[in-house]
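Let's take a walk through this model, with a few backbone oddities and one side-chain pairing as the stops. Have the viewer open and follow along.

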Amino acid sequence: MATTSDNRKVTKRSSNACSRCRRQKIKCSGQQPCPNCSRKNLTCIFDDRDNKVLVTQGYLSDLQAKLARLEQTTAEGSHPTRPQLEEDEGTGRDLGTRTLPDDGHHSRFSPIGTRDSSPTSRQNPEDADLTNPMLDSSKFMSSSSGRSFYLGTSSNWSFHGQILNLVHQHIRKSPLPSADLLFDGSAYDLPWDGSRSLPESSTPVIPSIDYAIFLINAVKFHCAQLVHLFDEEEFTANMHAFYSNSDSGAWKDSLWYIHFLLIIAFGKTFVQHKNQAPRPPGADFFVQALQLLPDTNRLCREPVMAVEILCCISLYLQALDSRNAAHVTIGQAMRIALAQGMHTDMPVADLGEATVQRCRKIWWTVYILDRQMTSLMGLPQNIRDDDITCRLPSFPSSAQRGAALDMQIKLARIYAEISRTVYGVQGRLRKRFVISMKAVLDDLTTLAQDLRHSFPLHPDDRFGGISRMPAHLHLLYYQTIVVVTRPLLFCCVKKIFEFPRELEPLLSSRKIRQLLSMSLEASQKILSILESLQEQGLLETFLPWDLDALFVSTMALILIRFVDTKLLDNQAKWLEKAYGYLEAIASSGNRIAAFRITELRKLDEMLEDYRQNQHRPSTASTVPDSGIAMPQSGVELSFPDGYRSTGVLMPPDQGMTPMYTSLSDGGSGFGEDLTAEQILAVAESMDIDGTDWLSFVPLDTYHLVDPRL
């Protein structure tokens with residue numbers, strides 16, 4: 001101990017800290033277990049990989065020589081020895097077949113190593129079929145027209161289609177009819193067959209300048225905080241020049257005119273509500289813009305505006321549920337942006353401050369849209385984060401805009417990581433699959449803290465409303481939690497149909513309950529946010545983000561209620577709210593929401609029929625092997641502002657804070673967010689050596705291919 005001049009003792013800081021204390025940046029005693037972990041009844045882990053060591057150049061040379069000999073031996077047909085095939089399960093590292101031990105400097109987003117999948121691979125026979133159930137299913141479905149569609153493993157539509165087919169197969173004893181699903185691009189009827197010419201009679205009438213300004217301001221209100229679609233200064237100058245020019249036909253060969261038509265198309269959809277036509281308001285402007293869009297050579301001559309135009313087109317197509325076309329279009333925007341060097345740290349001295357700032361806004365919009373659309377398609381990402389050096393743009397009038405953009409980028413990266421690992425080719429329910437889920441939850445821990453402090457939903461107690469940007473970020477965040485945990489929910493549903501007696505011991509696992517509880521809590525949070533937005537008239541009825549979050553959460557609530565029958569009464573109110581928001585969006589003319597209502601109600605009705613006809617054991621009985629009695633009814637918990645708990649999946653646990661909050665019956669509001677500490681506790685409970693994960697049994701492959709193929 002060192003002492004100060006006034007004889008006060010100063011505790012020497014420990015040179016070593018456990019993994020949990022290091023992540024939370026709190027003081028650790030250095031003893032194992034440390035007091036912090038002991039207090040919370042958690043496993044205390046000291047990771048020696050973070051310790052810096054000093055080695056000689058000769059030692060490194062020897063390692064390089066051994067690697068060269070190993071690669072040469074492998075190339076000659078020899079098999080690696082057993083130690084080289086072993087996984088370091090304690091830390092979640094896969095050493096692979098031809099790699100050196102982890103040096104402790106790998107990125108969290110670095111790929112998880114793959115193992116030889118040949119029959120001769122050294123693999124525990126019990127693990128052979130324990131894959132993510134979303135990966136077991138066939139990858140194609142066909143519509144009633146005969147066109148086949150690829151099912152990306154991480155897409156919301158794929159999950160919904162596989163669940164519907166699974167339930168229909170077991171309850172109706174037949175494959176799901178193609179007519180019962182909304183396929184890509186079939187929600188709206190655009191007045192265009194893809195040709196480059198249309199009759200003159202279909203050319204839309206250009207609005208007056210005052211109405212055009214009104215529509216542009218509507219686009220700024222709905223989109224400007226979330227994505228960059230146009231440069232306001234240049235766009236406004238061109239608009240005034242356009243209206244002041246008596247020969248407006250001369251503008252039709254310019255890219256700006258195409259850009260103008262797209263912005264007007266967006267504006268029409270935002271201001272004209274209650275439209276029940278088979279096409280959205282402003283569709284004629286959108287179609288004319290596509291008709292006038294030049295080829296790639298022409299676009300590359302004005303790359304900055306071209307990328308903005310392609311972003312507009314891709315976002316509009318995504319809102320129409322034309323996912324394939326939207327993904328291809330944002331991919332073209334990405335290629336042009338890369339060729340222009342927008343992903344790099346563009347030199348201000350050579351290009352000018354205005355151009356560089358505009359390109360930075362464009363690049364990160366392309367990046368976020370591309371990451372989101374690619375993940376929703378369940379496809380591989382196009383560019384590695386290591387290749388991007390572009391800085392964040394500056395927003396002199398709003399410092400929070402820059403922080404919000406940074407948060408959007410982080411969420412897009414995590415969503416992409418979920419698609420690559422949890423839903424990746426090597427996703428496994430015991431090892432890599434669980435490791436991937438744990439890594440994602442670790443990443444979400446940091447974001448939970450940032451969201452809570454930097455983007456509170458109610459920043460000022462004097463006002464009851466919430467801002468659109470914080471709401472958007474929280475919706476993305478909670479949607480990520482549902483997406484990362486729903487493969488386990490899929491597995492539970494399959495067990496009900498195929499191995500019903502094994503469901504109860506599965507749900508008795510504390511680790512499984514915690515993950516399903518987190519999914520339930522996140523789904524309820526999404527509905528709470530959407531309720532507050534609806535009360536303010538801010539519920540988005542055209543852009544896809546609110547509907548995507550609502551669709552994901554409603555599906556999770558339906559399935560969780562089916563898995564745990566004790567949630568029937570409590571979750572009925574939440575589902576009633578969810579259907580109410582879907583109907584509100586559908587009543588504004590969103591045809592996709594109308595289809596979603598039909599699909600979700602069909603699923604709910606089939607599951608209800610099964611519940612009425614089956615007498616399976618209650619999942620809320622006493623757990624024999626854990627010594628924990630599951631509650632027979634909802635456990636009332638104390639939360640601020642009179643909110644009460646509705647969840648019963650997880651009983652009160654001394655090792656982590658209760659997770660459940662809900663809206664009171666009297667109105668809307670928010671309970672406590674899922675805190676970083678809660679998420680971290682769930683992640684740390686997922687020790688790979690535990691036996692709870694072994695309760696999963698091989699699941700037979702479920703084919704979704706139409707029998708006519």
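Start with D321, which sits in the loop between α12 (303-319) and α13 (323-339). Helix names here come from DSSP runs (H or I, at least four residues, for helices; E, at least two, for strands), numbered from the N terminus. D321 has a positive phi of about 70° although it is not a glycine. For context, most residues other than glycine have a negative phi, and most peptide bonds are trans. Is D321 buried or exposed? D321 is buried, as its relative accessible area is 7%; buried means under 20%, exposed over 50%, and partly exposed in between, using a 1.4 Å probe and protein chains only.

A word on ground rules: this is a predicted model, where local features need pLDDT of at least 70 and side-chain atom pairs count only at pLDDT 80 or more, while totals for chains, interfaces and linings use all residues. Residues are numbered from 1 along each chain as its sequence is written, and side-chain values use heavy atoms, with hydrogens and water left out.

Next, hop over to K173, in the loop between α6 and α7 (209-223). K173 is not a glycine either, yet its phi is positive, about 60°. Here the surroundings are open: K173 is exposed, with a relative accessible area of 66%.

K173 comes just after α6, so let's look at that helix too, taking the expected span as 1.5 Å times one less than the number of residues. With 16 residues (156-171), α6 should span 22 Å, and its end C-alpha atoms are indeed 22 Å apart, which agrees. The helix is mostly covered, with 15 of its 16 residues buried.

Now for a peptide bond. The one from Q32 to P33 is cis, with omega near -5°. You'll find P33 in the loop between α1 (19-24) and α2 (35-39). As for records, UniProt's unreviewed entry puts "domain: Zn(2)-C6 fungal-type" on residues 17-46; positions follow the numbering used here, feature names are shortened, and annotations may be inferred rather than shown by experiment. In the model, the end C-alpha atoms of residues 17-46 lie 7 Å apart, and the span is 37% helix and 0% strand.

Last stop: R561, part of helix α21 (residues 544-563). What does the side chain of R561 make a polar contact with? Its partner is the side chain of D604, at 2.9 Å. A polar contact is a pair of N or O atoms within 3.5 Å; within protein, one must be able to donate a hydrogen and the other to accept it, and residues adjacent in sequence count only if both atoms are side-chain atoms. R561 is buried, with a relative accessible area of 10%.
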